[in-house]
Amino acid sequence: MTVRAPAKVNLHLSVGQRRTDGFHDLTTVFHAIGLYDDVVLARADAPTVTVEGEQARLVPTDSSNLALRAVHLMAQHTGNDPAVAVHIRKGIPVAGGCAGGSADAAAALVGCDALWGTGLGKDELAGLGAQLGSDVPFGLHGGTALGTGRGEQLTPVLGQGSYSWVLALSDGGLSTPDVYAQLDRQRESGPVGVVSNPAGVLTALRQGDAVALGRALGNDLQPAAIALKPPLRLLLEAGRDLGALGAVVSGSGPTVALLARDEDHGIALASALAGQGLCSGVRVASGPAAGARVVEAH
Ligand code: C5P
């Protein structure tokens with residue numbers, strides 16, 4: 001069983017106060033893009049995980065691996081044997097703010113459901129996903145969606161058209177808890193600029209207006225990500241100087257998402273940016289993309 005799951009960027013991310021459970025209430029607009037992890041699942045003697053791809057060595061293969069945790073959770077929930085070999089072909093940046101680990105977990109939930117013929121509904125899978133991470137339900141959902149709560153409560157967003165993105169990658173990922181903790185510290189020591197509400201992003205999507213979408217992109221975690229990785233500021237500026245319609249840190253970073261006018265502009269932007277030496281790699285992808293789905297049943 002091969003399941004393909006998409007990366008995400010946050011078109012809007014406003015972060016509220018820290019809750020007593022350590023999470024932050026947020027309002028976000030998730031957007032799935034066509035940059036994928038493929039997760040291959042097969043019955044085996046024991047649960048195992050292997051990873052291939054440029055950044056494979058950065059992915060844990062012990063019991064903390066999110067895809068493996070998803071297999072165990074599904075097995076426990078449905079009464080099946082967790083003896084599944086999971087193989088991840090990584091296309092999504094690791095620790096990049098693009099929900100790569102969450103995509104793997106979403107893929108493993110869908111894959112086990114298909115492998116074992118358990119036929120769980122979308123809501124039940126999303127409920128299990130939320131136990132694994134705030135972004136996992138969106139990895140199942142795909143498309144574009146408004147996320148509330150800690151990001152796990154989703155409402156589909158109506159939109160038209162597709163958008164061309166350039167992702168600028170940085171070496172050395174950022175830890176999501178570290179970025180949230182940095183934001184808490186910044187807020188304790190004085191006022192920090194905040195993005196308003198998602199209305200601008202939602203209107204632009206409804207109208208299919210890439211120029212308006214580029215202007216409306218915003219992320220409360222961006223100043224915290226920049227504080228932890230100051231060169232990100234230069235990368236955002238370079239993207240704008242090269243003609244991107246908008247530039248924003250994706251989620252907790254350090255990946256920067258640049259909105260291009262169209263696919264050709266995206267390719268031109270990506271190659272110009274790659275030549276400037278400010279990022280470790282570039283990817284082009286369009287969105288919205290589908291959520292985790294079986295692409296091959298062996
Ligand atoms: O849910 P997930 O495992 O992706 O969250 C990782 C960490 O990111 C949490 O432990 C928390 O520190 C932070 N986080 C948060 N508020 C959210 C989502 C994540 O503080 N809404």
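This passage describes the nonpolar cores, one buried strand, the largest pocket and one exposed residue of a predicted model.

In soluble globular proteins, nonpolar side chains tend to be buried together. In the present model, the largest nonpolar core comprises 60 residues. Within this core, the residues with the most contacts are Leu11, Leu41, Val86, Leu109, Trp165 and Leu213. Helix α2, which spans residues 100-116, supplies the largest share of the core, namely 10 residues. A second, separate core holds 27 residues, among them Tyr180, Ala224, Ala225 and Val249. The surroundings of Leu213 were examined with its neighbours within four places in sequence left aside. On that basis, Leu213 is in contact with Leu11, Tyr163, Trp165, Val201, Ala204, Leu205 and Leu259.

Tyr163 and Trp165 belong to strand β7, which covers residues 163-169. This strand is mostly covered, with seven of its seven residues buried. Its side chains point in two directions: Tyr163, Trp165, Leu167 and Leu169 point one way, whereas Ser164, Val166 and Ala168 point the other way. The residues of both groups are buried. Strand β7 pairs with two further strands, as follows. With strand β11 (residues 281-287), the pairing is antiparallel and extends over seven bridges; here Ala168 stands opposite Val282. With strand β10 (residues 256-260), the pairing is also antiparallel and is formed by five bridges. In this second pairing, Leu167 has Ala257 of β10 as its bridge partner.

The largest pocket contains about 1,000 Å³ of space. Its lining is made up of 48 residues, and those nearest the centre of the pocket are Ser102, Asp135, Thr176, Pro177 and Ser252. Two or more lining residues are given by each of β1 (2-18), β2 (24-43), α1 (66-78), α2 and α5 (176-188). The largest share of the lining, five residues, comes from α5. When the lining is sorted by class, 20 residues are nonpolar, 19 are polar and nine are charged. Helix α2 thus appears in two settings, since it gives residues both to the largest nonpolar core and to the lining of the largest pocket.

A final result concerns Ala297, which lies in the segment after β12 (293-296). The relative accessible area of Ala297 is 58%, and this residue is therefore classed as exposed, the cut-off being over 50%. Ala297 and Leu41 are separated by 256 residues in sequence, yet their C-alpha atoms are 9.7 Å apart in space. Leu41 is itself one of the residues with the most contacts inside the largest nonpolar core.

Conventions: Residues are numbered from 1 along each chain as its sequence is written. This is a predicted model: local features need pLDDT of at least 70, side-chain atom pairs count only at pLDDT 80 or more; totals for chains, interfaces and linings use all residues. Side-chain values use heavy atoms; hydrogens and water are left out. A nonpolar core is a set of buried Ala, Val, Leu, Ile, Met, Phe, Trp, Tyr and Cys residues joined through side-chain atoms within 4.5 Å. Buried means under 20% relative accessible area, exposed over 50%, partly exposed in between (1.4 Å probe, protein chains only). Helices (H or I, at least four residues) and strands (E, at least two) are DSSP runs, numbered from the N terminus. Contact means heavy atoms within 4.5 Å. On a 1 Å grid over the protein atoms alone, a cavity is a set of points where a 1.4 Å probe fits but cannot get out, and a pocket is an open set with protein on both sides within 12 Å along at least five of seven lines; lining residues have an atom within 4 Å of a point. Grid points are joined across faces, edges and corners, and a volume is the space filled by probe spheres set on the points. Ala, Val, Leu, Ile, Met, Phe, Trp, Tyr, Cys and Pro count as nonpolar, Asp, Glu, Lys and Arg as charged, and the others, Gly among them, as polar. Two strands pair if DSSP finds at least two bridges between them.
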